[in-house]
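Me: I have a structure open and want to know how its labels are earned. Take me through the values and the cut-offs behind them.

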Amino acid sequence: MSTIPLSRFPWAVLAAALSLPPAASAADPAPRLIGYDATTSAAQIAVERRFDQQVGQADYRSWLQQWSAAPNQVGAPHNLTNAQDIQRRFQSYGWDARIEEYQVYWPAPRSVELELLAPAPYRARLSEPALAADRTSAQTRDVLPPYVIYGGSGEITADLVYVNYGLAEDYRLLAQQGVDVKGKIVIARYGKGWRGLKPRLAQEHGAVGTLIYSDPRDDGYFQDVAYPEGPARSEWSVQRGSVLNFARYPGDPLTPGTPSISGTPRLSPDEAASVLRIPTVPISWGDARPLLAALGGPIAPEAWRGALPLTYRVGGDGKVRLRLKVDNEAQTRTLYNVIATLPGSTYPDQWVVRGNHRDAWVFGAADPLSGTAALLAEAQAIGELARQGERPRRTLVYASWDGEEAGLLGSTEWVEQHADELRAKAVLYVNTDGNGRGFLEAGGSHALQALVNQIAAQVEDPDSGVSVQQRWRAKLQVDALAGDARPALKEAAQRAESGQDLPLKALGSGSDYSPFLQHLGLPTLDLGYGGHGGGGGVYHSLYDSYDYFARFIDPGFRYLPLLAKTAGRAVLRTANAPVLPQRFEDLATAIDGFARQLKQQADAQRRTAATEKRLAESGAYAAISNPNRPLAAPALAPAVPALDFSALDKAIVRLTETAKRLDQRLADKGTSLPPARLSAVNTAIQRLDQALLAPEGLPGRPWYRNLVYAPGLATGYEVKTLPGIREALEDGRWDDLGRYLDKTVAALDAYRAGLVALEADLAH
């Protein structure tokens, strides 16, 4: 999907979108909040106004400058220093704060070499130079060289093949062109799919090594002026990262499903299914340019061509000899999670958990320390409110996670260690990561959609002066005008135009919410701001620094208080709600949408498979093949049989009808229940989402249990909704499709049974 830059907004549409009623002012009657009655709504809004005053006074600038002053990867001394500093600050705010440690497998690079041997010699730089405008970039102590964690070691000399973004459809097109990557090194550009898919698919296709580079078309000078003059990625900037196959399981690869603590049995690295085998190196476009220029072979398809001043070719003709050496040292390193607790005044055994990771690939000012600053500001403000007598009714657990960048290590190990207690007590997990400037980006469990929309309507965007929700509505409506706007975006824009609640994004993976949502089945939100300013141009590089953040991401430091107000409201509103703030019809509506997409996908796959088979049999591909750019018929996809989704449709209808009735009953009388019955209702709501889990997990990856949301095995970060059914459809696994259709229907019926029990309790 492409979006329209603000400079090209159709201003009539924007003006119409922004003409909606403004957010409520202090003088307006208090709106009724979900989970509250009129009296408790007014009291809660008064608390939130005091909270806003406190987070507006936090020292975001000095915190961010201090924490990003030295490298912060796992094992770096400054990362531990930051953990201890954050622990002390929590304690000074009145929280009980401790550091919980885990011992994890962490291979680190001893040496990395890349050399073009033929047709002309070139030795890759593989480093990022200091910049006068970026004060921390001159540091060398504890700075990780550009590398990816959980790739393989080895020294190889081989031919080179360009594979575009290195995704499944790219290999399919290479096969049509007669190009085989077996025994070769592949070079893929960053973008489209998650980083770890690129070497994984290369390995599955027989390649012996992978290079991943940042093409200036995607985040460099094609998009904007390069750093340090502008925010885009510069010639020698490199994106580090993880290639852990977390679509099978995140966390320490040697302890799947169990915490990495003393006494836990561990796999060997060779046994770990999430660790790749082939050497993989990330490089800058400065190092990629001579390699790509040396390639022969077929001209790359137009969609494969980046912005470098050369003719993009595929290679694979034996004219290039490339030597790649990666020497990783197997190590065990200690993670330091900071866990701070503020006991609840009324329901101490119901927890609202709030997290943001702290570790980075180098300095990490934007990713993740900007989000850490918002988290700490919330904790400081809540601590002050507690001192003034406004202690939250439910217990708050705030977490500064370590090891997220390598594969959600700190959060996953903590969740696995405390799984039973979390299943029994956690009512919500609120996640943030790095923060930017612009529009609210909200994803999570769809029963929380009304909660997020109410919050978005009551906080003000500092750039536009309208509510965050109004700005969100405007963006959806304008983006839907783009020629390539997807149907889901157009549907969301129609909702925005009609004044309905705006949809949450379904969550795949890529941040610390994954173990809470997809392993334990707990209600989850992921919140942040972005869409304006820089960020992508220094992502995971040496230049993700305080200087960059202060110049290009949030120059006025106005969106960090906004993030604190937004996430802090989600925490406080849930912590104080008489009835846990969920609207079940929203979940049912979302699942109905997922099912419609599933059926549309089945129909589209059926048509495509039949058409490709007919064209191949008729000789159509041979008839249009260009001798200079040969294109064979594609490998034929399996025919899609007739599929019966009626049981799923009926389960969704039943769920929707029950959800509507229960939502109304809760709104009418939920807050008036006697304390004992109210406590029982909240306990029942807390357990509901766990009914959506399959105890045995998804096919081939038992760690992932959620039958509504999961990251895709073939997409990485991107979500697959109704994943047991959807991925079986995509792979042509018809027996699995039938089994997981039955499991999903059973899970929806179990969730509905929980709603029915709640409805009966409210009727007494």
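Me: What makes helix α14 and helix α15 oblique to each other?
Reply: In this predicted model, the axes of α14 (residues 468-479) and α15 (residues 487-498) come within 8 Å and cross at roughly 135°. Axes are lines fitted to C-alpha atoms, for helices over the stretch in contact, and angles run from 0 to 180 degrees between N-to-C directions. Under 35 degrees is roughly parallel, over 145 roughly antiparallel, 65 to 115 roughly perpendicular, and the rest oblique. The angle of roughly 135° therefore makes α14 and α15 oblique.

Me: How do you know what counts as a helix or a strand here?
Reply: Both are DSSP runs, numbered from the N terminus: helices are H or I with at least four residues, strands are E with at least two. Residues are numbered from 1 along each chain as its sequence is written. Local features need pLDDT of at least 70, side-chain atom pairs count only at pLDDT 80 or more, and totals for chains, interfaces and linings use all residues, while side-chain values use heavy atoms, without hydrogens or water.

Me: Is the crossing of α14 and α15 left-handed or right-handed, and which residues make the contact?
Reply: α14 passes α15 in a left-handed crossing. Left-handed means that the near helix is turned anticlockwise from the far one by less than a right angle; right-handed means clockwise. From α14 come R473, L476, Q477 and D479. From α15 come L489, A492, A493, R495, A496 and E497. Contact means heavy atoms within 4.5 Å.

Me: How many residues of each class are in the contact of α14 with α15?
Reply: There are 5 nonpolar, 1 polar and 4 charged residues. Ala, Val, Leu, Ile, Met, Phe, Trp, Tyr, Cys and Pro count as nonpolar; Asp, Glu, Lys and Arg as charged; the others, Gly among them, as polar.

Me: Why are α13 and α18 called oblique?
Reply: Helix α13 (residues 449-458) and α18 pack at an angle of about 130°, with axes 10 Å apart. By the same reading, α13 and α18 are therefore oblique to each other. Their crossing is right-handed. L451, Q454, I455 and Q458 of α13 meet T566, R569, A570, R573 and T574 of α18. By class, that contact has 3 nonpolar, 4 polar and 2 charged residues.

Me: What makes helix α17 mostly covered?
Reply: Of the 8 residues in α17 (residues 546-553), 6 are buried. Buried means under 20% relative accessible area, exposed over 50%, and partly exposed in between (1.4 Å probe, protein chains only). The buried ones are Y546, D547, Y548, F549, F552 and I553. They pack against α3 (60-67), α9 (365-387), β16 (437-444) and α18 (559-576).

Me: How do you know whether Y546 is buried or exposed?
Reply: Y546 lies in helix α17. Its relative accessible area is 12%, so Y546 is buried. Leaving aside neighbours within four places in sequence, Y546 is in contact with R61, L64, Q65, S68, R135, A365 and F557.

Me: What is notable about phi in H540 and L722?
Reply: Phi of H540 is near 60°, positive in a residue other than glycine. H540 sits in the loop between β17 (524-532) and α17. With 5% relative accessible area, H540 is buried. L722 has a positive phi of about 45° and is not a glycine either. L722 is in the loop between β19 (719-721) and α23 (723-731). At 0%, L722 counts as buried.

Me: What makes β1 and β16 edge strands?
Reply: The open sheet has 7 strands in the order β1-β12-β14-β13-β15-β17-β16, with mixed pairing. β1 (96-105) and β16 each pair on one side only. Two strands pair if DSSP finds at least two bridges between them.

Me: How do you know that β12 and β14 pair?
Reply: Strand β12 (residues 332-342) and strand β14 (residues 394-401) share 5 bridges, in the antiparallel sense. T341 has V397 in β14 as its bridge partner. α14 packs on the sheet, touching β16 and β17, and its direction makes about 90° with that of β16.

Me: Where are the cis peptide bonds before P119 and P228?
Reply: The bond from A118 to P119 is cis, with omega near 10°. P119 lies in the loop between β2 (108-118) and β3 (122-123). Y227 and P228 are also joined by a cis bond, with omega about 15°. P228 lies in the loop between α7 (216-219) and β9 (241-242).
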